[in-house]
Amino acid sequence: MNIKPWSPKTVIARSGATKQSTVPQTGLLRFALNDTAKLMVVACLGLASTPALAVDAPHFVDETASSGIDHKYTGGWEFYVGGGVASFDCEGKGFPSVFIAGGTSPAALYVNHSTVGGPLKFEEVKDSPLALKNVTGAYPIDIDGDGIMDLVVLRVGESVVFKGLGGCKFQRANEMWGFDGGNNWTTAFSAMWEQGQAWPTFAIGNYVDRNAPGGPFGTCEPNYLIRPQGGHFGPRVALSPSYCALSMLFTDWNHDGHPALRIANDRQYYRGGQDQLLKLEPGQPPHFYGLAEGWRKLEIWGMGIAGYDLNGRGKPAYAITSMADQKLQVLDKDADGNPSYADEALARHTTAPHPYAGGDVRPSTGWHPEFVDVNNDGYIDLFISKGNVSKMGDFANKDPSNLLLGQPDGTFKEGAMEAGLVNYDSARGAVFADFNLSGMMSLIVVNREASTKVYRNVGWGTEEHPVPMGNWLAIRAIEPGPNRNAVGGWIELRSGSRSYRRELTVGGGDASGEAGWVHFGIGEAERALVRVQWPDGTWGPFVKAIANNYVQINRDDIAPHYWLPPYADTASAGDAVK
Amino acid sequence: MKQWQLLAGVCALASVVALRPILAEDAQAPVDPTPIGDEHAVPYHLNEADIEAGKVPLEQIRDFGKLLFSARFTTLDGQGRPGATSATIPTKRPPGQVPMFFRTSGPEADSCAGCHAQPIAGGSGDFVANVFVSPQENEFDFDTVEPELSMERGTTALFGTGLIEILSREMTADLQREEHHAMAQARSSGKPVRVALTTKGVSFGAITCNPDGLLDIKELQGVDPDLIVKPFGQKAVWSSLRHFTVTALSLHHGMEAIERFGPRWTGETDFGGNGVGETITSGDLTALVLFQAMLPAPAQVLPVDAAHREAALHGEKLFNQIGCDSCHRTEMVIDTPFFTEPGPQNIAGTLRPEDVAKPYAIDMRKLPWSKRLNIRADGKIVVRAFTDLKRHRIADAERPHFANEKLTQSFVPVDQFRTAWLWSIGSTAPYGHRRDITTIHESIVDHGGESTESRKAYEALPVADQKAIIEFLKAQQIVPDDTWQADVASAPADATQPANKVQ
């Protein structure tokens, strides 16, 4: 036996303290510490060798300069609001591209040329008909069900629907589809397919009537509902009352199969108004829920809406951004079928009322909320873009966006500093997407009068060596017929004893939306059962999905369809892997 | 007791403890630095970063891994998970529902070696050592052995598993490479591309790659859609020794690893609620895994008696002739001899190569027992494990014995099992995933499903030829390792981690 000496060496005491100690030079390991007092040193066991905690933030690398996106949202009063961005795959290659509002500057479509897991690379599409001025935001939606994303572009003035032609080409379709969204200061949008309809219903949210005498206070423009008529859009119908909407979301708040329209309104300009919930029943005129039906008045500077099933009850909670306290509206347990919401922002630590960095103690101004699991730990996170309206002296000027990280106990904690997301530009719309098909959600933030920022999520790693955090699944629900992307449906994912549910919606946020893979962080789960509740209420079967994959679920198929990103073809590159 | 008496007592005890090493050293007598009366089974913990940095000699890693494998964990070590279920995903339960030890749903064992004991530590186990595994996180406190609630599993011998895992990694890389290549072709050509997935002579069926990126996996066989060849577990559901070990420590011993149950994922330091907390460090796990990975590969031990020897050699030929080797592959070749830890097939919840500064690498050719291996001139190792690491349907209506389960495990159908490796079968009776078959002959004739043809061929053989096959299989043995304590210092490899994970 040839045992070589080894000493001293580093071991961890049972208490967790890392110690230099002498280990006997035999094959028999002995207790290495001879000082009883030292044994009582308490430290975190083994953590010396582990990276950051998953419940903490991933690292975001600012790749704005190298991303190919050079864009600003500019303009005066009309463009204090808006500043949206839409994310969707216009090339059909799987990488989400982005369309960014420009305000007085032209909007721009940037095609995603990133590689799998690599730096974020985009290229502007020149001479695109999408390059309109006075754009406030946009939402992708496959209006005609041809499998190619179309785009709804919101403007100060005429809003425009564009038919996607493939290859990131678009064609104006207002006339072809009979769309007339009015000539207003449009700041909000949502869409759904009503039961039995082959064409979507649009909600158009408008802000202040700039031409009204005595304005701008108390001069909110009417919002519109545009329902289908034949194979195209019918006339727009004004919704009354309207209270200067900044965000709209068709959402099945009570999961009864009939989405209602949640509207976040800006109390800065309305008089006697409040946030609203519009009931839309088949064959019935629209009807706003009132106090008698359990609806509680909410008067905020409502900016953006995001929904997520926080409690696993199949009924979404809504993050609604505002000035000062941000809201987190959760359906009362004893709501008894009524839309009675209580605010849990304080209890869950999502009020985010003041800047957490920069030294400005004045209240924050929140814009775009988005529920997303940025660290794939299975606990949903909440991003809130922040920024002063313009020069409002009562509110913070240095107002960085929040990345509120979901904790195992259901609360959230600020993680933007750790994530490297602190920026003092005035943020507006934003979008999280798996831009480089790495399974990690990266971020694009539109800033007012400053460059749009592009952040790549590199997990625990670095720019050169990204390291994924938890496991994930990306799910896409496809059904035949007009509502191809199952808008109004739900995706339910179950792994172990935990369930995750996401409603498939178009709308909300701060004039920003995304279409494509629906991302679920699933922590340590290695697989999950997934099912879809289709928009007509029918539940599909549970299908089996292996973690860290893109999975398409087709209606009427009992097996999932795996989708493969365009990985580098190592086999044709001289078998470099071996 | 008065306070001064208590204080005096404490001081006296402290003096004894503090002075004892000095006195012992003065007397030049052997020193045992263990505190008197100490009942820990784990004397210290290893730091993963130190292992990676080469600060811990491989002898120490191996010996510490062996210690952990044999340790009868105590509550002082963190044994027990009264507040957590046995689920692979950390899952809470109200404490006090079941005893600290519970024969069915666990924890049901004091140590790894309590079951992996035959013929020596690291080996297999008797029927009495069977465990009951529930894939259902919400029905964890089952107190019955009914197959509606759990799957009964015998103990698998771990000898040679380092080579097994390397084999699986290379097979995975091959399959994924083929898949990626076919998809690239489909995308560039705009036409579907069907590719037969074969690695090391083993067919896993075929997939069709569509230009839109969607995969048609209807023809895929014996492996999950992620194409990761998972070599461990009777159902081929564990992708690495580490993956299995983390799970088994929690399930069987209530020893929860920090890398899965610690604050990173649960926000807690005592997720299991045992009052001590999670204590198994990543360094401990690396040692435990490397101990297992370095367990000697079983070998063919031919009988000394000429007649038996002749029969065994003849049996091998018959084994191949009747098609047993179509699944129980007699030879598979490993391209790279390096076992790296953590391995590339781990995903979150089990330490991954991306999580560490540098995976620890061992050159398997330099281990003392490697002289038994068939190492080719090009440095590649020929593995005679008698497995293809693929799942097969091995039961049917005619031979339903192996379909005696009623729950799917990790999406694997009840009648499918990984091809058992037979290179230790001569040392590991009884047989079958439930260890309920007492003879090799019975085990063979219980084969159905995809193995029907070979089984029928076996049954058609003259009895003498059947006996020859059995004699051949009996010769596949775990060899008591007389070189176990030999120097392994040369085995650590400063090898670049084999890039055997595509993307």
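## Strands, helices and unusual backbone sites in chains A and B

R435(B), with 22 C-beta neighbours inside 10 Å, counts as buried, because the threshold for that class is 20 or more. The model in which this residue sits is a predicted one, and R435(B) lies in the loop between β13 and α10 of chain B. Although R435(B) is not a glycine, its phi is positive, at about 55 degrees. The loop between β13 (416-418) and α10 of chain B also holds P430(B), and a cis peptide bond with an omega of about -5 degrees joins A429(B) to P430(B).

Another residue of chain B with a positive phi is L227(B), which is not a glycine either and has a value of about 60 degrees. L227(B) belongs to the loop between β5 and α5 (241-253) of chain B. With 25 other C-beta atoms within 10 Å, L227(B) is buried. In chain A, a cis peptide bond is found between S240(A) and P241(A), with omega at about 0 degrees, and P241(A) is part of the loop between β15 (232-239) and β16.

The two cis peptide bonds and the two positive phi values are set out below.

| Site | Feature | Value |
|---|---|---|
| S240(A) and P241(A) | cis peptide bond | omega about 0 degrees |
| A429(B) and P430(B) | cis peptide bond | omega about -5 degrees |
| L227(B) | positive phi | about 60 degrees |
| R435(B) | positive phi | about 55 degrees |

The loop of P241(A) leads to strand β16 of chain A, and this strand, residues 245-251, runs antiparallel to β17(A), to which six bridges join it. Within this pairing, L249(A) stands opposite R262(A). On the pairing of β17(A) with strand β18 (residues 276-279) of chain A, the sense is again antiparallel, over three bridges, and here R262(A) stands opposite L277(A). R262(A) thus has a partner in β16(A), namely L249(A), and a partner in β18(A), namely L277(A).

Strand β17 of chain A, residues 260-265, is mostly covered, with six of its six residues buried. In a regular strand the side chains alternate between the two faces of the sheet. In β17(A) both faces are covered, since A260(A), R262(A) and A264(A) are buried on one side, while L261(A), I263(A) and N265(A) are buried on the other.

In chain B, an open sheet of three strands follows the order β3-β4-β5 and is paired in the antiparallel sense. Its edge strands are β3 (193-199) and β5 (215-216), each of which pairs on one side only. Strand β4 of chain B, residues 202-209, pairs with β3(B) through six bridges, and in this pairing V195(B) is placed opposite I207(B). Helix α4 of chain B, residues 161-189, lies across β3 and β4, and runs at about 165 degrees to β3(B).

The largest nonpolar core of the model has 271 residues, and those with the most contacts inside it are V85(A), F99(A), A138(A), L151(A), V153(A), L473(A) and I475(A). Helix α4(B) gives the most to this core, with 10 residues. In soluble globular proteins, nonpolar side chains tend to be buried together. What does I475(A) contact, leaving aside its neighbours within four places in sequence? The residues in contact with I475(A) are I491(A), W517(A), V518(A), F520(A), V530(A), V551(A) and I553(A).

Helix α11 of chain B, residues 452-460, has buried residues in S454(B), R455(B) and Y458(B). These cover an arc of only 100 degrees around the axis, which puts them on the same side of α11(B). The face turned away from this buried side carries the exposed residues E453(B), E459(B) and A460(B). Among the elements that cover the buried residues of α11(B) are α10 (440-445) and α12 (463-474) of chain B.

A last site in chain B is V382(B), which is found in strand β11, residues 381-383. Is V382(B) buried or partly exposed? With 14 other C-beta atoms within 10 Å, V382(B) is partly exposed. Not counting residues up to four places away in sequence, V382(B) touches E331(B), V333(B), N374(B) and R376(B). The C-alpha atoms of V382(B) and I334(B) are separated by 6.3 Å, with the two residues 48 apart along the chain.

Conventions
Residues numbered from 1 in each chain as written. Chains lettered and ligands numbered in written order. Predicted model: local features only at pLDDT ≥ 70, side-chain atom pairs only at ≥ 80, totals over all residues. Pairing = 2+ DSSP bridges. Helix = DSSP H or I, 4+ residues; strand = E, 2+ residues; numbered from the N terminus. Contact = placed C-beta atoms within 7 Å. Axes fitted to C-alpha atoms, helices over the stretch in contact; angles between N-to-C directions. Core = buried A, V, L, I, M, F, W, Y, C linked by C-beta atoms within 7 Å. Buried ≥ 20, exposed ≤ 12 C-beta atoms within 10 Å, placed from the backbone. Arc of directions from axis to C-beta.
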